[in-house]
Amino acid sequence: MSTLLHIDSSVRAITNPNPNHNSISKNIALRFINTWREIRPTDEYIYRDVGVNPPAFITQDWIGAVFTPEQKRTPAQHDILALSDRLIAEVAKADIIVISTPMYNYGMPAQLKSWFDQVVRINKTFDFDLARGDFPLQPLLSGKTLVTITSSGEFGFEKGGIRESASHLQPHLRTLSKYLGVETIYEIAAEYQEFGDERHKTSVSNALSRAEKLAAELAVNALTASPEPEAINA
């Protein structure tokens with residue numbers, strides 16, 4: 001059995017009275033999730049909508065608690081880190097992580113950044129050792145697959161695209177993903193939202209199809225890779 005962690009980060013709902021306000025990224029992610037769960041209904045599924053229910057921003061007190069040895073933390077410091085501990089436990093448990101996010105001002109939403117700030121934490125998801133020279137940080141988690149689902153108003157953010165240098169969303173996700181223990185990344189993108197033309201419709205349609213196809217491929221591969229349960233002697 002696998003564990004699927006699903007993080008949505010758009011401030012928009014999946015469905016709204018005005019369909020033009022529906023979250024594109026959430027709907028593409030939902031296509032992926034529904035396809036996966038049709039094939040693997042018994043897998044554990046963990047869901048967080050950080051766009052609607054954002055984690056708290058980290059504070060000076062939060063940092064102070066993080067750098068206080070665990071056995072010396074006060075009850076108040078344990079309380080401060082309680083949410084971080086839960087979020088990290090979800091990441092640690094996950095085999096597949098799906099993150100859907102719109103591009104806001106050429107980067108990730110503040111709510112998603114807040115989730116990463118709570119999760120990427122010393123001695124929990126990475127450690128630090130100056131003996132490693134110029135690269136003292138090292139991830140503590142491994143073996144995970146990440147699927148990123150992004151939506152943007154403009155287009156051409158891919159390598160070689162006309163706005164390649166303007167995107168701080170996907171590069172940021174790639175950089176941070178290693179501290180989630182990610183070793184394999186799949187990227188799905190819908191573009192042209194601000195144009196609202198046929199290019200946008202085609203981009204969303206392609207992203208939905210890609211999400212469904214990728215979910216089926218990964219779910220079947222995970223099913224094949226799962227060890228057969230041992231027989232129990234009656």
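The largest pocket of this structure, which is a predicted model, has a lining of 19 residues, and those that lie nearest its centre are Phe157, Glu158, Gln170, Ala189 and Glu191. The points below describe this pocket, then the second largest pocket, and finally two tyrosines with an uncommon backbone feature to look at, a positive phi in a residue that is not a glycine.

**The largest pocket**

- The volume of the largest pocket comes to about 390 Å³.
- Strand S6 (144-151), helix H6 (170-177) and strand S7 each contribute at least two residues to the lining of this pocket, and the largest share, four residues, is supplied by S7.
- Sorted by class, the lining of the largest pocket consists of seven nonpolar, six polar and six charged residues.

**The second largest pocket**

- The second largest pocket holds about 290 Å³ of space, and of the 18 residues lining it, Met103, Tyr104, Gly153, Gln193 and Glu194 are the closest to its centre.
- The lining of the second largest pocket is made up of six nonpolar, nine polar and three charged residues.

**Two tyrosines with positive phi**

- Tyr106, although not a glycine, has a positive phi of about 70 degrees, and it sits in the loop between strand S3 (96-102) and helix H5 (110-119).
- Tyr106 has a relative accessible area of 35%, and is therefore partly exposed.
- Tyr192 is likewise not a glycine and has a positive phi of about 70 degrees, its place being in the loop that lies between strand S7 (182-190) and helix H7 (198-225).
- Tyr192 counts as buried because its relative accessibility is 16%, which is under the 20% cut-off.

Methods
Residues are numbered from 1 along each chain as its sequence is written. This is a predicted model: local features need pLDDT of at least 70, side-chain atom pairs count only at pLDDT 80 or more; totals for chains, interfaces and linings use all residues. Side-chain values use heavy atoms; hydrogens and water are left out. Buried means under 20% relative accessible area, exposed over 50%, partly exposed in between (1.4 Å probe, protein chains only). On a 1 Å grid over the protein atoms alone, a cavity is a set of points where a 1.4 Å probe fits but cannot get out, and a pocket is an open set with protein on both sides within 12 Å along at least five of seven lines; lining residues have an atom within 4 Å of a point. Grid points are joined across faces, edges and corners, and a volume is the space filled by probe spheres set on the points. Ala, Val, Leu, Ile, Met, Phe, Trp, Tyr, Cys and Pro count as nonpolar, Asp, Glu, Lys and Arg as charged, and the others, Gly among them, as polar.
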